[in-house]
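Student: I'd like to learn how the labels in a structure description are earned. Could we go through some together?

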Amino acid sequence: YGDGRRVRNLAKLTVALNKFGRAYMFGPGTPCRCAECVVLPKECEWGGGPYAGVLLLYLQEIAINKILTPGEWAALPPRVLDQGVTDRTLSVCEPGVLHCMHNSEPFSKFAFALGKYRDYDMMELDITKTPDYAMFMALTSSMQGRNGNIALDNFYKKTGNSSWSEYCKN
């Protein structure tokens, strides 16, 4: 959202913070990546402290806090950042960042990783809703599932052949 220059600065700052965080916290010779370790120390595992798998999420929030003024932060519409993908009432036009949490409901990143969506039929997806949009994007981008073209055709029928930007303006 917002001025393209600031969005690029946000992306650059996030990448720089991620490089620093990975090197400083999880690089060679650090407690979370020591030469003698056979398993990760407890403080480097999920739920035990900083975890490499979610480091980028934390660092992007630090970058956002640096780029946005307090007034801009307060003026953000609700449900924009870090929104889950299980709420069937949430339109894809509302959130700016979708987050596939640790859940078993569609869309589930665990089921995805286990290949449980390989033959998923996307024909009935309403990709204007966040769970179906997340499912559609994950499956079509990884060449999984079937009938993704029908889900996309249904979107165009529902929106009168609108683009995403046109649909979300309404």
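Student: How do you know that helix α6 has a span close to the expected one?

Tutor: Helix α6 covers residues 148-159, which is 12 residues, and reaches 17 Å from its first C-alpha to its last. The expected span is 1.5 Å times one less than the number of residues, and for α6 that gives 16 Å, close to the 17 Å found. The helix itself is a DSSP run (H or I, at least four residues), numbered from the N terminus. This is a predicted model, in which local features need pLDDT of at least 70, side-chain atom pairs count only at pLDDT 80 or more, and totals for chains, interfaces and linings use all residues. Residues are numbered from 1 along each chain as its sequence is written, and side-chain values use heavy atoms, with hydrogens and water left out.

Student: Why is Phe155 called buried?

Tutor: Buried means under 20% relative accessible area, exposed means over 50%, and partly exposed is in between (1.4 Å probe, protein chains only). Phe155 has 3% relative accessibility, so Phe155 counts as buried. The buried residues of α6 are Gly148, Ala151, Phe155 and Thr159.

Student: What makes the buried residues of α6 line one face of the helix?

Tutor: Look down the axis of α6: its buried residues fall within an arc of 60°, so they line one face. The arc is that of the directions from the helix axis to the C-beta atoms. Those buried residues pack against α5 and α7, with contact meaning heavy atoms within 4.5 Å. On the other side of α6, Asn149 and Lys157 are exposed.

Student: Why is the pair of Tyr133 and Trp164 called edge-to-face?

Tutor: Rings of Phe, Tyr and Trp (its six-membered ring) pair if their centres lie within 6.5 Å; planes under 30 degrees apart count as stacked, over 60 as edge-to-face and the rest as tilted. The centres of Tyr133 and Trp164 are 5.6 Å apart and their planes stand at 80°, so this pair is edge-to-face. Tyr133 sits in helix α5 (residues 130-141) and Trp164 in helix α7 (residues 164-169), so the pair links distant parts of the chain, 31 residues apart.

Student: What makes the pair of Phe155 and Trp164 stacked?

Tutor: Their rings are 4.1 Å centre to centre with 20° between the planes, which fits the stacked class. Ring pairs also link Tyr133, Phe155, Tyr156, Trp164 and Tyr167 into a cluster.

Student: How do you know that Trp164 is partly exposed?

Tutor: Trp164 has 30% relative accessibility, so Trp164 counts as partly exposed.

How values were computed
Helices (H or I, at least four residues) and strands (E, at least two) are DSSP runs, numbered from the N terminus.
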